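Here are my notes for your read-through. Please keep the sequence and the model side by side as you go.

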Amino acid sequence: MAEKPEDLNLPMAVVTRITKEALPEGCAISKEARTALSKAASVFVLYATSCANTVAQKSKRKTLTAPDVFTAMEEMEFETFLEPLKESLEAFRSEQNEMKERKAAKKREKEATEKASQEEEKG
């Protein structure tokens with residue numbers, strides 16, 4: 001658990017980057033507004049986590065899963081965000097699988113190169 005309330009806030013650099021991406025070109029945001037957004041986002045994350053935890057506990061589980069979060073979003077009446085959230089999660093999973101496959105292919109290639117080099121030295 002966090003020792004200080006500030007530990008629960010999102011890093012200001014993350015909030016700044018997200019707000020810059022969301023706002024139109026040339027639109028500025030004050031430090032006070034970034035701080036307020038950071039606190040609001042932190043409260044939302046804590047609330048969503050609490051709701052998802054309740055869903056998991058109803059199923060007699062201690063581990064939160066993506067479906068728990070989806071159910072919590074529905075219970076929190078944020079159904080509008082479900083599809084984008086699911087699409088984002090799927091994109092993340094695909095990206096992770098691609099990275100894993102590239103890493104495995106690179107490892108196989110390295111092993112094949114080393115094996116060929118060893119055979120060359122012997123023969």
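The points below go through one helix, a pocket, an aromatic cluster and a few single residues.

1. Status of the model. This is a predicted model. Every value below is computed from it, so read each one with that in mind.

2. Helix H2. Start with H2, which runs from 31 to 58. H2 holds 28 residues. From its first C-alpha to its last, H2 reaches 41 Å. That is close to the 40 Å expected at 1.5 Å a residue.

3. The buried residues of H2. Which residues of H2 are buried? They are Arg-34, Ser-38, Ser-42, Ala-48, Cys-51, Ala-52, Val-55 and Ala-56. Note that Arg-34 is on this list. In an α-helix there are 3.6 residues a turn, so residues three or four places apart point the same way. Keep that in mind when you look down the helix. The partners of the buried H2 residues are helix H1 (12-22) and H3.

4. Contacts on the H1 side. Met-12 belongs to helix H1. Beyond its neighbours within four places in sequence, Met-12 is in contact with Arg-34, Thr-35 and Ser-38. Two of the names from point 3 return here: Arg-34 and Ser-38 are buried residues of H2. Met-12 itself counts as partly exposed, because its relative accessible area is 33%, in between the limits of 20% and 50%. Do not place Met-12 beside Thr-49, though. Their C-alpha atoms are 21 Å apart in space, and the two residues are 37 apart in sequence.

5. The largest pocket. How much space lies in the largest pocket? The figure is about 170 Å³. Its lining is made up of Phe-44, Val-45, Ala-48, Thr-49, Ala-52, Val-69, Met-73 and Leu-85. H2 gives the most, with five residues. H2 and H3 each supply at least two. By type, the lining divides into seven nonpolar residues, one polar and no charged. Ala-48 and Ala-52 line this pocket, and both are also among the buried residues of H2.

6. The aromatic cluster. The model has two aromatic pairs. Phe-44 and Phe-78 make an edge-to-face pair, 5.3 Å centre to centre with 80° between the planes. This pair links distant parts of the chain: Phe-44 sits in helix H2 and Phe-78 in the loop between H3 and H4, 34 residues apart. Phe-78 also pairs with Phe-81. That pair is tilted, at 5.8 Å centre to centre and 40° between the planes. Together, Phe-44, Phe-78 and Phe-81 form one aromatic cluster. Phe-44 is one of the residues that line the largest pocket as well.

7. Exposure of the cluster. Are these rings' residues buried or partly exposed? Phe-44 is partly exposed at 32% relative accessibility. Phe-78 is partly exposed too, with a relative accessible area of 28%. Phe-81 is partly exposed at 45%. None of these values is under the 20% that would make a residue buried, so the label "partly exposed" applies to each.

8. Ala-66 in helix H3. Ala-66 is found in H3, the helix that spans 66-75. Why is Ala-66 classed as buried? Its relative accessible area is 19%, and the class needs a value under 20%, so Ala-66 qualifies. Leaving out residues up to four places away in sequence, Ala-66 touches Leu-89 and Arg-93. The C-alpha atoms of Ala-66 and Leu-89 are separated by 8.6 Å, although their places lie 23 residues apart along the chain as a sequence separation.

9. Positive phi at Lys-60. H2 is followed by Lys-60. Its phi is near 60°, a positive value in a residue other than glycine. Lys-60 is in the loop between H2 and H3. With a relative accessible area of 77%, Lys-60 is exposed.

10. Positive phi at Glu-77. Glu-77 has a positive phi of about 65°, and it is not a glycine. This residue is in the loop between H3 and helix H4 (82-122). Glu-77 is exposed, with a relative accessible area of 66%. Phe-78 of the aromatic cluster is found in the loop between H3 and H4 as well.

Key:
Residues numbered from 1 in each chain as written. Predicted model: local features only at pLDDT ≥ 70, side-chain atom pairs only at ≥ 80, totals over all residues. Heavy atoms only, no water. Helix = DSSP H or I, 4+ residues; strand = E, 2+ residues; numbered from the N terminus. Buried < 20%, exposed > 50% of the residue type's maximum accessible area, 1.4 Å probe, protein only. Contact = heavy atoms within 4.5 Å. Expected span 1.5 Å × (residues − 1). 1 Å grid on protein atoms, 1.4 Å probe; cavity = no way out; pocket = protein on both sides within 12 Å on 5 of 7 lines; lining within 4 Å. Points joined across faces, edges and corners; volume = space filled by probe spheres on them. Nonpolar A, V, L, I, M, F, W, Y, C, P; charged D, E, K, R; others polar. Phe/Tyr/Trp six-rings, centres within 6.5 Å; stacked < 30°, edge-to-face > 60°.
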